[in-house]
Amino acid sequence: MAIIIDETKRVLVQGITGREGQARTRLMKEFGTNLIAGCTPKKGGQEVHGVPVFNTVKEAMEATGGKLDISTVFVPARLVKYAAIEAIEAGVKLLVLVPDRVPVWDAMEIAAAAKANDASFVGPNTLGILSPGKGVLGMIGGRAASAQQWFKQGSVGIVSRSGGMTSSCGYYIGQQGIGLSTLVHVGGDTVLGMRIPDVALLFEQDPQTKVIVVFGEIGGSQEEQLAELMQQGKVTKPIVAYIGGAAAKEGTRFSHAGAIIEGGRGTHAGKVEALTKAGATVVKGFGELPEATRKILDKIGVAA
Amino acid sequence: MARLHEYQGKELLAAVGIETPRGGVARSADEAQAIAATIGLPVVMKIQAWMTGRKKIGGVAFVETADGVRAEADKLLTMTVGNFPVTEILVEEMLPIDEELFVSLSIDDASRQPVMLLALEGGSGIEDRAASVHRLSIDVKAGVDSQHIRLLLAESKLDAAFHDKIVAAVEGVWTIARKNEARSVEVNPLVTTTDGRVIAADCRMTIDDYAVFRHPELGIDIARELDHPPTELERIAYSIEQDDHRGTFYFAQLPVDPDKPKIGFHGAGGGGSMMSMDAISNAGFAIANFTDTSGNPSVAKVYRAARIILSQDGLVGYFGSGSGVASQEQYHSAYGLAKAFIEMDLAIPAVIRLGGNSEDRAVEILQDCCENLPATVEGYRKDDTPSAIAERFKQLVNEAGAAAPIMARSVPAFAVKGEAYSFPILGGRVFIDHEHCDAQATAMVTKFGGELFKEENGKPVLAVSEEDVAKKDSDLIACEMECYRAGKPVVFVDLLIPGLDD
């Protein structure tokens, strides 16, 4: 099992002939992702690392048997809206939007199009998703060899609002001899497709995942909403969480568009309290995360 | 700045037909008096600052006499909010307010849609009115549903004579939010007056940083969310970001607790930075600045970021730490930091966590290059936790003593004299000290410079065109630092920081 990506998923790369598109195609392929096709307007007929390139998503879809499960998007930020809507309208049901700096009103338009077509997306501004031993979408881990060495298969699911910290959580937890089901970076923006609560619901349904590790941040309502799902009994698996940004103050944004406290909402204290009340283990220092995860695995009798 | 001042927001509202108070912006007592003379007394005078609760700090004055206008203008224009001086005040007619309403539009992360808050029952302060606030989710394509607003108005106690104007105001808020790609627009209060008008008495507006490029007409010079107008250093830092799109560079100065020792902070990645700031803050330090260089930045960018951080007064140390398991190659950062530390002859301890790909090489480069500096520079890896290195940093700061030295940049003599072999690159110039290029040094330059250099008459010279070398700052700085490490400092990459170096 694992969530979102595994070896069976047929993957498209939009913007495959660009600098990032080419580099990430190679890494995804080396890691083992099942890349079926790529597309870039006017570049149809080329190949990138052995992956055939088409002019449009529709063409790619038709030429490869009518089934592409996921599209990973590597086009410039200002074009993401058009690429995403093209894929959604062509029938792709899951998108991974990697670019940073996508305008928030574009993200809302993508969300509306996805909703109308029963599709979903991860990002924008996501480092990606990685299921050890199965596949990677986006760019987690950098080199495939590093990613394979850092992350082993197991029973802990990771969901994070920070790209770098997704890898860090995975690595430090791995140092405890703990394996992972899937690592998900939901993206650093305000308007995101899948959010922490959505990913937690997927982990809840995934038999491989026994414990969910959350790297949260100040700003927004994702952590509070997760706490609500826990209170409602919709997420029952143990949660270990760290919330970054205790030292941050209201009104200044710390790189991530979503990490800004506005009007007193989304404070560090509020998130810690909501999650703690709902039964999550919230650690104060990031360094305590691996050991706390270890303890919970021991308690529920999972070898990891 | 991605936040607009009250008067800028009001101009946008007025442009779509929403009535705003008569008045104008004054930057001096003379201007304030002239505006008051035009619109007539009494007037309201408000400092233009990005904060709520201006009344509480004395930033709003109700004035009835011409002399009063002068006196208040002088007073308001010498105020500071945080560390930032007030430079503009809005002088407006006093409104005969009947009811105070509230309209805001913001982005709801949970529903992925715009959300409008509407209070139609009056009262003072949004908190008081919370019970009567309507929360309307808005379809991003369709916009505000005016029929719905009319129904809400029909149920309210508001005089029907105002309904059309209120609907228009609500639509106006939506229009300026959508058109300008705002993250939020807040009109608090929207007032009805005893003479039958509906007026936007205040307006707070923030534009989406990522969409600022589509709205040059707004004249936003720094697309960053800050809680204050940009400082001199923030402007300098932002211009670097505009000139070099390789990777990202954020720089924001933070208000500090004067009782705590102040440090310069250099993170990598938003989440890693926040986590590292928490660790250093837990160790008892005040953080002078937030800085993030990430997304595979050029070496020049990391170098410039370090120089800007070090140009802040009163720092007792330099703390660098990101996520710890970076996908990007970490030796790039090591070269950039080492170069800045050497030029500044670093006199405050630096602790840098360089965890991630190629971390061993990165730590070795940093420590080797900085071996002879007055202060201790230590590099750490992914298996060193932020809290552990924060403690180590504390120890080094304590050993170094409390006085914060003033550091100045020094440039090698051969680059100053202007006789050295040199060529331009993007944002700077490269100098090679041919006079001191013996066979060994020449061999090093050609070795570390890769294909960029060749040997000619026993000296290293450019092997590619100036155009081809223009963006090779990362390779050139690597070459400079490797020669320096090897005891042959014959290469110098002179990178300018406009505003700091001139």
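**Note on the two-chain model**

1. B:Arg485 is partly exposed, its relative accessible area being 26%. The model under discussion is a predicted one, and this residue is a convenient place to start, for the side chain of B:Arg485 is joined to that of B:Glu364 by a salt bridge with an N to O distance of 3.0 Å. B:Arg485 belongs to helix 16 (residues 473–485) of chain B and B:Glu364 to helix 11 (residues 359–369) of chain B, so the salt bridge ties together parts that lie 121 residues apart in sequence. The partner, B:Glu364, is likewise classed as partly exposed, with a relative accessibility of 46%.

2. A second salt bridge in chain B has another setting. The side chains of B:Lys10 and B:Glu92 come together with an N to O distance of 2.6 Å. This pair also links distant parts of the chain, since B:Lys10 sits in helix 1 (residues 6–15) of chain B and B:Glu92 in strand 7 (residues 89–93) of chain B, 82 residues apart. Here both residues, B:Lys10 and B:Glu92, are buried. Over all chains, the structure holds 48 salt bridges.

3. A third pair within chain B, B:Glu181 with B:Arg214, forms a salt bridge at 2.8 Å from N to O. B:Glu181 is placed in the loop between helix 6 and strand 11 of chain B, and B:Arg214 in the loop between strand 13 (204–207) and helix 7 (232–243) of chain B, so that parts 33 residues apart in sequence are tied together by the pair. The two ends are classed in separate ways: B:Glu181 is buried at 6% relative accessibility, whereas B:Arg214 is partly exposed at 30%.

4. Where does the pair of B:Glu181 and B:Arg214 belong in a network of salt bridges? Both residues are linked in a network that also takes in B:Lys141 and B:Arg178 of chain B, together with A:Lys81, A:Asp106 and A:Glu109 of chain A. One link that can be given in detail is the salt bridge of A:Glu109 with B:Lys141, in which the closest N and O atoms are 3.3 Å apart.

5. The contact between the chains should be described as a whole. It takes 61 residues from chain A and 52 residues from chain B, and the area buried between the two is about 4700 Å², with carbon and sulfur atoms giving 54% of it. Between chain B and chain A there are 6 salt bridges, and across the same interface 20 residue pairs are found in polar contact. On the side of chain B that touches chain A, at least two residues each are supplied by several elements of chain B, including strand 8 (97–108), strand 9 (113–119), helix 6 (163–180), strand 11 (182–193) and helix 8 (270–282). Helix 8 of chain B gives the largest share of that side, with 9 residues. By class, the side of chain B that touches chain A has 22 nonpolar, 19 charged and 11 polar residues.

6. A residue of chain A with contacts in both chains is A:Ser168, which is found in helix 6 (residues 163–175) of chain A. Leaving aside residues up to four places away in sequence, A:Ser168 touches A:Phe286 as well as B:Ser323, B:Gly324 and B:Val325. A:Ser168 is buried, its relative accessible area being 0%.

7. Helix 3 (residues 80–90) of chain A has as its buried residues A:Val80, A:Lys81, A:Ala83, A:Ala84, A:Ile85, A:Ala87 and A:Ile88. Among them is A:Lys81, a member of the salt-bridge network described above. What covers these buried residues includes strand 1 (11–14), helix 2 (57–63), strand 5 (70–73), strand 6 (94–97) and helix 4 (104–116) of chain A. Just after helix 3, A:Gly91 takes a positive phi of about 105°.

8. Lastly, the cysteines. How many disulfides does a search of the whole structure find? The search finds 0 over all chains. A disulfide requires two cysteine sulfur atoms within 2.5 Å, and B:Cys437 has its closest cysteine sulfur, that of B:Cys483, 8.1 Å away, which is too far for a bond. The sulfur of B:Cys483 has its own closest cysteine sulfur in B:Cys479, at 4.3 Å, and that distance is also too far for a bond. B:Cys437 is buried at 4% relative accessible area, and B:Cys483 counts as buried at 0%.

How values were computed
Residues numbered from 1 in each chain as written. Chains lettered and ligands numbered in written order. Predicted model: local features only at pLDDT ≥ 70, side-chain atom pairs only at ≥ 80, totals over all residues. Heavy atoms only, no water. Contact = heavy atoms within 4.5 Å. Buried area = accessible area lost by both parts, 1.4 Å probe. Salt bridge = Lys/Arg side-chain N within 4 Å of Asp/Glu carboxyl O. Polar contact = N/O pair within 3.5 Å; in protein donor to acceptor, adjacent residues only side chain to side chain. Helix = DSSP H or I, 4+ residues; strand = E, 2+ residues; numbered from the N terminus. Nonpolar A, V, L, I, M, F, W, Y, C, P; charged D, E, K, R; others polar. Buried < 20%, exposed > 50% of the residue type's maximum accessible area, 1.4 Å probe, protein only.
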